[in-house]
Each structure stands twice: as structure tokens, then as C-alpha cells.
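Student: Please guide me through this entry, one question at a time.

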Amino acid sequence: MSSFGERSWAAAVRERAVRALPPEQLLPDRQPAYVASWIYVFGVLSLSSLAVLIASGCILALKGPAWWHFTSVGHFFNSVHLWSVELFFFFMVVHLWGKYWMAAWRGGRARVWMTGAIIFLVAIPCALTGYVSQQNFDSQWISTQAKDAMNASGIGAFFNLLNFGQMYSYHVLLLPAAVVALVIAHVLLVRRHGVVPPLERSELLARPGADEQLDRHDGESGA
Amino acid sequence: MGRCALPYTVAAMFTAAVFDLNQHATYLHWHFIDLSLSNVLVIVAMVVVFALAILAPFPGGRQRGESQ
Amino acid sequence: MTAISIRPHPPGDERYRHWQGAYRRYDILKEAVIALAGVTALVILLAILFSSPDVRPSTVRQWARTMPIDFVSTATAELDGTSGTATYGPPYNHASSGQHLWFIHLQKWLGVSHPVNAARDFVLAPLRAIPGQPAVKAALTAYARAPARQQRAWASAYAKALAKARLSGGGGILTPPGSYGPLPTMMEALLRFAQSGGLDGVLLTSQHFYQTDYTKPLLFMADGSLLADRAQSQHLLGNQWGMMNETGSYPGQVWLWLYTFWYQIRPFSTSPNADIDVMAIMALLSLGLILIPFLPIVRDIPRWIPIHRLIWRAHYQSASPPGGSYRSAGR
């Protein structure tokens with residue numbers, strides 16, 4: 001209900017959002033004491049690489065796709081864009097390894113894992129469309145080779161790697177928008193559910209199937 | 001031919017790389033595996049960084065004792 | 001009231017939903033700013049140290065000038081329907097049904113969405129676009145009037161002759177004598193047109209003034225040897241793990257290692273359906289990656305191989321009672 005007593009969509013959405021993710025959880029100034037390892041910084045390092053990637057991409061987009069071939073400043077920003085891609089994948093893979101070995105999907109965090117995996121998988125075609133948008137020999141070779149995989153699976157019927165205009169549109173707008181939307185969902189889910197607690201000491205000796213048992217609980221609802 | 005308006009050192013930063021990676025790569029072969037040295041170094045770096053991340057001591061690891 | 005339910009395996013995961021134990025001071029924004037500053041500095045350093053590759057693209061003009069016999073051989077194959085593009089199938093033409101996986105013929109089912117008529121688009125139409133060349137016009141007319149069987153015979157004979165061809169002093173192509181019909185005249189004209197740069201333009205803008213679709217010039221060049229030769233020298237071929245590589249000694253797309261791996265081993269390395277086979281495998285594995293939380297054994301491995309003991313060693317060494325900081329799902 002709004003402050004005016006009538007049924008308000010804005011108030012309903014706001015109250016629901018704040019209930020799901022209170023401000024002190026969204027922007028916390030404390031974290032569980034077990035978050036005490038350098039492995040935990042690879043999420044924010046991946047995010048930072050993505051930020052540099054997008055910023056350098058915006059500069060390249062400002063001047064158009066041919067600029068970087070003919071000016072040294074343009075080439076520099078292309079280099080920044082390339083190395084931020086390499087770092088993005090580097091940090092993301094280390095982050096993925098860390099989260100796997102922590103079994104970070106526990107305690108209702110399956111969606112956190114799933115959105116993270118999908119980000120990785122969507123980033124790959126995002127990078128591919130970038131490689132074929134370079135307008136150099138790399139683009140010629142990668143597009144003429146990768147087209148076979150696209151065509152064989154039917155994707156080539158509507159996604160033509162040899163069509164620079166289409167690939168540039170996907171690379172500059174559609175796929176980065178998808179990656180950013182997924183990253184926002186992923187980060188909000190992390191903030192909502194919190195960083196996964198450590199496996200209990202009793203689990204350190206767990207055998208497969210050892211904990212398949214009836215679970216007693218008192219009338220609570222499911223996940 | 002135009003003159004570069006930027007100081008030479010800044011312009012040089014934007015032009016030639018310190019290390020020229022445009023030369024042919026070295027490749028490491030083992031049976032059917034055939035990887036460039038650069039790629040192998042990146043993979044090794046990932047593993048080393050992962051190992052360091054979980055092994056390196058983390059500052060301020062003491063618990064402050066506050067709970068919900 | 002106490003309810004008993006069977007939880008999906010492993011039921012114990014619910015206890016990890018909420019942390020009731022100790023907290024420490026933390027500033028999420030400070031962490032983000034420090035990370036961003038550090039990564040920005042690292043990227044700028046890498047860009048200064050190593051720059052980025054920019055190998056110039058090939059053009060049809062270069063191809064015709066540096067590899068004229070290969071160019072003419074490819075053009076002949078386009079004309080008689082034996083080139084890679086002419087025999088590709090969907091989405092370019094109906095020459096074959098393309099790749100398939102068991103009964104799944106996605107390439108055929110999605111149809112011809114980017115029609116390319118190799119003979120017309122790469123040879124006949126560009127030749128007709130050349131102004132004021134009566135010999136070429138006459139050759140085209142003779143070719144068009146000949147029955148299909150005759151056209152194929154000329155092309156086949158000329159293709160065999162090109163295997164023994166050599167270049168003349170004036171840059172023309174000398175073939176052994178034979179019955180090739182109007183083909184030598186047509187191909188000589190196409191070669192000169194390509195060497196002048198005109199063919200690049202015609203292939204790109206044959207339908208419209210503004211164009212961003214490089215399908216035709218790229219397919220034509222890919223049917224020849226120029227791109228593949230350059231790629232081989234840069235270790236970019238499919239059987240050289242090329243998908244992972246970059247020109248020069250730059251690191252490439254390391255994250256594609258598993259995708260390119262399949263192409264290096266049998267049966268995929270020799271299969272005509274390798275592309276759809278590998279795409280299917282990778283689609284399955286990608287789905288598996290997404291669904292790890294629900295896959296028995298895969299989701300249990302972190303418990304069996306306790307790398308987490310290293311990550312959380314401070315926590316395990318702390319004085320807090322076992323299980324005391326975990327709250328079960330009920331309040």
C-alpha cells in the first residue's frame with residue numbers, strides 16, 4: 001500500500017524489493033568472518049575487467065570500427081579492450097574454479113551458480129562477434145571457419161558471421177546487454193543469499209550417499 | 001606529413017609495443033596436443049594464481065566476534 | 001507440528017542457507033574501487049607492454065595478383081559447381097543437405113537463408129559488369145548458349161589444364177592446348193578485373209550502394225588457398241588447435257580449449273559431420289556446467305576432494321563450536 005492508502009504498483013514493487021534485498025544487504029559494511037581468502041576477490045576482479053572492457057568498447061564505438069587501424073590512440077584503446085577481455089576470462093575462470101571447489105551452490109544458491117555459468121557461456125559468443133568485427137585478417141579467417149559450426153547447427157540461418165553489420169550490432173549492443181543483465185542478476189542473487197558458508201566439519205568425512213536420509217523440520221516452507 | 005602534437009614519450013606509449021608479439025609463436029607438441037607457448041603460459045598462470053589465491057595468507061583473518 | 005519430508009539429495013545443504021556466526025568489518029564499495037583501479041592499471045600496463053595484433057586483411061585484388069593460377073582455378077570451380085561454396089548446401093544453396101547428427105538435419109531444416117549462386121555471383125555477373133569488352137561479351141554469349149553438358153566439359157578440361165599452367169611474362173596464364181571453349185577468355189578477363197580491384201567492389205555492392213555484408217567476397221576467397229595459406233603460417237588451421245590461437249605470439253582464446261580439442265581426435269578429425277557433432281557435445285557439456293548443482297557425483301566432488309579445507313582453514317581452526325553457526329531452514 002502507498003502512503004495514500006490506495007493500491008500502488010510502485011509501493012508494492014518497492015516493498016517487495018526491500019523485503020527481498022534490504023539496503024544493508026545490498027551495500028553491506030560487514031561480511032561473514034569465514035570470508036578470509038584471496039579466492040574471494042576474483043568475483044570483483046571479473047566485474048572490474050568487465051567494466052574496463054565496456055568502457056574501452058564505448059571509446060572504440062565512439063570513433064567507429066575503422067578508427068583503431070589508422071591511429072595510434074585508437075590502436076591503444078583496442079589493446080586495452082583486448083587485454084581486458086583476456087583478464088575478464090582469466091579472472092572469471094579462477095572465480096569459477098573457486099566457487100566449484102567451495103560447492104557454492106549450497107543453501108538455495110543454485111541460481112547464483114547457474115547465472116554465473118550462463119554469463120561465461122554468453123561471454124564466448126560476445127567475444128566471437130568481437131573477433132569477427134575487427135575488420136582484419138583475424139576476422140576474415142575466424143568468420144570463414146566458424147561459419148561452418150554455425151551453419152551445421154542451423155544457427156547460421158539467422159546469425160551470419162560473414163555479415164559485418166550484423167556481427168557488429170550483436171557485439172556492440174545485444175550481447176553486452178545480455179552479459180550485463182546476467183551479471184546484475186548474478187550479483188543481486190549473491191547479495192540476497194550471501195556468500196556460501198563453509199562446509200561443516202562433519203562433511204569433511206562425508207561419503208557419497210551418506211546423508212541421504214529423512215530430514216526433520218518444523219513446518220517451514222521449502223527453498 | 002603531420003607533426004605529432006603529443007610529447008614523444010606519450011606518443012611512443014601509444015604506438016610500438018615494448019615487446020613485439022607479432023613474431024611467429026613457439027609451439028609445444030605432445031602427441032596430438034599442439035599449443036602455443038603464450039597459451040600454455042596463460043593456462044599455467046591461471047593454475048598458479050588459483051593456487052596462490054587459496055594458499056596465500058589473508059590479512060585480518062581474525063573474527064570480530066559479532067553475530068546477528 | 002513436526003512434518004517429515006524427503007529432501008532432494010543432499011538434504012543437508014539447507015543448513016547452509018543462513019549464517020548465524022561471526023561477522024567482520026567490510027566495505028563493499030572500497031573493495032570495488034580498489035579492484036577497478038588495480039585492474040585498470042594492469043590492463044594499461046599490458047596494453048603498453050604488448051599492444052594488440054592487427055594483421056591486414058586479404059583482398060581479392062591481392063589474391064589475383066599473388067596467386068593468379070589459384071584464383072582462376074577457384075573461379076573455374078565456382079563456374080562448374082565444384083567449389084566449396086557451390087557444393088556447400090544451406091544456408092547458401094541446395095547443392096547438398098549439409099551436416100547431420102543421426103536424424104537431426106538442422107542445416108537442411110533451417111533452409112537457404114543467404115542464397116549464393118556461385119557461378120552467377122562470382123563469375124558471370126562480374127564479367128557482365130565489365131564495360132566495353134566485346135571479346136568478353138562474345139565469350140559470355142557463347143558460354144550461355146552452350147548446353148550444360150558442354151559447359152561442364154569445358155570447365156572440367158580447363159580445371160585439369162590449370163593444374164599444369166604457368167604464368168606468362170605479361171602475367172597471363174598459359175595452359176597446355178585443349179578444348180576449353182570460351183573459358184580462357186572469360187577467366188583472363190576476370191583475372192584482370194580482379195587484379196585491378198574492381199571485383200572486390202562488385203562482389204560487395206552488387207545489389208546495393210551501402211553494404212556491410214561481406215558474405216560473397218569472403219566465401220569466394222575462402223574457396224581458394226590464400227586465406228588458408230596465411231592461416232597455416234600463423235598456426236590457425238583447425239587441425240593446429242587454431243581456434244585457440246591468435247596471430248603472432250599473442251595469447252589467443254584459451255577458453256576455447258575444450259571446443260577445439262574434439263576436432264583434434266577421431267572420429268571428429270576425419271568426420272564430414274564434425275561441426276554438428278562437436279556443437280552437440282559442447283551444448284551438452286555447457287548444459288551440464290549450468291546444472292552442476294543438480295548433478296549427482298559432479299556436485300559431490302568438492303566434498304571428496306577437500307580443497308575447501310585450504311580456503312576455509314582459518315574458519316576450521318577457529319574456536320566456534322561445530323555446526324553452531326548454521327541455522328536450519330526453519331526459524
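## Backbone and contacts

Tutor: C:His235 lies in the loop between α11 (226-233) and α12 of chain C; helices (H or I, at least four residues) and strands (E, at least two) are DSSP runs, numbered from the N terminus. This is a predicted model, in which local features need pLDDT of at least 70 and side-chain atom pairs count only at pLDDT 80 or more, while totals for chains, interfaces and linings use all residues. Residues are numbered from 1 along each chain as its sequence is written, and chains are lettered from A and ligands numbered from 1 in the order in which they are written.

Student: Is C:His235 buried or exposed?

Tutor: Burial requires 20 or more other C-beta atoms within 10 Å of the residue's own, exposure 12 or fewer, and partly exposed lies in between, with C-beta atoms placed from the backbone. C:His235 has 22 such neighbours, so its class is buried.

Student: What is the phi of C:His235?

Tutor: Most residues other than glycine have a negative phi. C:His235 is not glycine, yet its phi is positive, near 65°.

Student: Which residue in the loop between α6 and α7 of chain A should be set beside it?

Tutor: The residue there has a positive phi near 60° although it is not glycine. With 17 other C-beta atoms within 10 Å, it is partly exposed. It is A:Gln135.

Student: Which residue is joined to C:Arg266 by a cis peptide bond?

Tutor: Most peptide bonds are trans. Here omega is about 0°, and the partner is placed in the loop between α12 (257-261) and α13 of chain C. That partner is C:Pro267.

Student: How far apart are the end C-alpha atoms of helix α3 of chain A?

Tutor: The expected span of a helix is 1.5 Å times one less than its number of residues. For the 22 residues of α3(A), residues 42-63, this gives 32 Å, and the model agrees. Just after α3(A), A:Gly64 takes a positive phi of about 90°. The end C-alpha atoms of α3(A) are separated by 32 Å.

Student: How many residues does each chain bring to the contact between chains A and C?

Tutor: Two residues are in contact if their C-beta atoms, placed from the backbone, lie within 7 Å. The count is 92 residues from chain A and 96 residues from chain C.

Student: Which element supplies the largest share of the side of chain A that touches chain C?

Tutor: Elements supplying at least two residues include α3, α6 (110-131) and α8 (164-193) of chain A. The largest share is 14 residues, and it comes from α5(A).

Student: In β3(C), which residue is the bridge partner of A:Gln31?

Tutor: Strands pair if DSSP finds at least two bridges between them. β1(A) and β3(C), residues 22-25, are antiparallel over three bridges. The partner of A:Gln31 is C:Arg24.

Student: How are α7(A) and α13(C) oriented to each other?

Tutor: Axes are lines fitted to C-alpha atoms, for helices over the stretch in contact, and angles run from 0 to 180 degrees between N-to-C directions. The two helices pack at about 75°, with axes 8 Å apart. Angles under 35 degrees count as roughly parallel, over 145 as roughly antiparallel, 65 to 115 as roughly perpendicular and the rest as oblique. α7(A) and α13(C) are therefore roughly perpendicular.

Student: Which residues of α13(C) meet α7(A)?

Tutor: From α7(A) come A:Asp148, A:Ala149 and A:Ala152. The residues that they meet in α13(C) are C:Asp275, C:Ile276 and C:Met279.
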